[in-house]
Amino acid sequence: MDRITRINLTNVRTYTSASLDLTGVTVLIGDNGVGKSTIIEVCEILRRMASTEFTGQFFGFHRAPQLIRAGATRMEIGVTVTSDVHGEFPVHYQATWESRGGVLAVVAEIIDYGPLPTDKDPTRILQRTEAGGWALEKGAQVPLRGPQLDPSRLNLAVAHLLSHPSVARLCSALEKIHVHLPLDLSPAWAASAQQRPLGVRGASPLVPADRVALGATNLANVYQALKNDFGDDHWQATMEVVRLGLGSNVESVSVRPDAASNVALWLKYRVPDMQVPAAGLSDGILAWLAFVALDRFPAPRSLLAIDEVDLHLHPYLLSRVLDLCAATSSRHPVLLTTHSDRLLDMLPAPSEQVVLAQSNADGSTSLLRPDPTTLAAWLERYSGYGRVRAEGYEYTMYPGKA
């Protein structure tokens with residue numbers, strides 16, 4: 001299975017140059033506005049890169065010109081894909097855009113296949129510049145032509161023109177990135193008063209689910225699939241996970257259709273014997289049901305990135321979510337952002353898991369890992385990283401941090 005093991009950024013919003021290595025559970029922390037959510041958005045951009053619809057989504061959804069750092073003219077996004085299959089080398093991809101009159105144009109792309117880092121140079125599969133470029137085809141460098149040089153498109157979007165198997169691996173790994181954002185949990189009465197959709201609390205069209213959508217907007221469809229598509233044993237195990245967070249009084253999660261072919265989520269309790277629609281469930285319960293769906297829906301993933309993992313959750317449920325993430329991280333990396341000291345206290349290896357997004361004097365952001373020796377000394381006195389931070393000693397763990 002291929003995994004996303006590194007993300008590189010150059011001149012993306014507050015990042016002038018940054019690399020984030022991903023293994024197990026990585027927890028990204030830092031003040032508001034330093035770029036934690038930018039990393040999550042970049043994960044979603046990477047997911048879309050291999051799609052033929054990427055250009056429209058890049059400019060329409062992500063407002064691409066606004067991604068480039070103020071004062072910069074070029075922006076780069078790179079990724080490394082690593083396999084757990086013996087003999088499969090990592091694949092590294094990097095795309096470079098240049099700002100031209102308010103529009104971003106693709107000016108460079110590379111794909112490398114080989115061990116990184118190493119004394120031996122990896123095999124270059126694709127080399128694209130403004131002047132032209134080539135792709136490796138059956139051991140020969142074949143010049144790029146036509147759509148492969150279109151400045152509005154990435155070559156991954158026309159990947160059928162690139163025959164090296166590493167390109168297929170790269171595209172597949174990017175498509176398997178899953179991003180989870182905080183749920184839109186406005187109370188039903190507030191949404192109705194503002195004449196807005198109910199979001200996850202309301203009904204949604206009955207459509208097949210292949211993953212948990214952004215913001216879990218298809219949560220009812222995911223539970224419909226969990227109940228009907230993967231066997232009774234899988235469903236009973238899913239309900240055990242639901243009860244792990246919500247208690248044994250929960251009898252079942254059900255999905256009800258309406259006359260308009262929409263479906264809505266309901267929760268059935270044993271005592272009193274009643275069913276409660278999603279519109280009547282608490283924020284924390286709905287958030288937990290979304291995390292259970294992420295854990296139990298058997299969609300292949302190369303990376304799971306979760307923004308503000310602690311939002312809406314009671315500390316008890318937060319510890320359960322962290323347990324789910326830890327179990328999932330044996331299959332693929334998990335990236336979390338948080339402001340929760342409680343979650344940081346729960347981490348078993350904070351020196352390896354915590355990454356601080358720090359704002360520098362020039363407004364740029366650096367990604368730093370704590371000094372393990374200093375952190376170990378503080379953990380002899382305090383119960384966890386969160387407690388050290390709450391006591392005001394976080395700055396001591398990062399050399400050069402003011």
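1. A quick word on terms before we start: a residue is called buried under 20% relative accessible area, exposed over 50% and partly exposed in between, using a 1.4 Å probe and protein chains only. By that rule C171, at 8% relative accessibility, is buried, and C325, at 5%, is buried too.

2. Please keep in mind that this is a predicted model, where local features need pLDDT of at least 70, side-chain atom pairs count only at pLDDT 80 or more, and totals for chains, interfaces and linings use all residues. Residues are numbered from 1 along each chain as its sequence is written, and side-chain values use heavy atoms, without hydrogens or water.

3. On the cysteines, a search of the whole structure turns up zero disulfides (pairs of cysteine sulfur atoms within 2.5 Å). C171 has C43 as its nearest cysteine by sulfur, 17 Å away. Why is C325 without a bond to C43? The closest cysteine sulfur to that of C325 is the one in C43, and at 14 Å it is too far for a bond.

4. Now the interior. The largest nonpolar core (buried Ala, Val, Leu, Ile, Met, Phe, Trp, Tyr and Cys residues joined through side-chain atoms within 4.5 Å) has 65 residues. L219, Y223, V253, L289 and L336 have the most contacts inside this core. Another core, of 58 residues, lies apart from it and includes L20, F54, V91 and L303.

5. L336 deserves a look on your screen. Beyond its neighbours within four places in sequence, L336 is in contact (heavy atoms within 4.5 Å) with residues including V25, V27, I306, L322 and C325.
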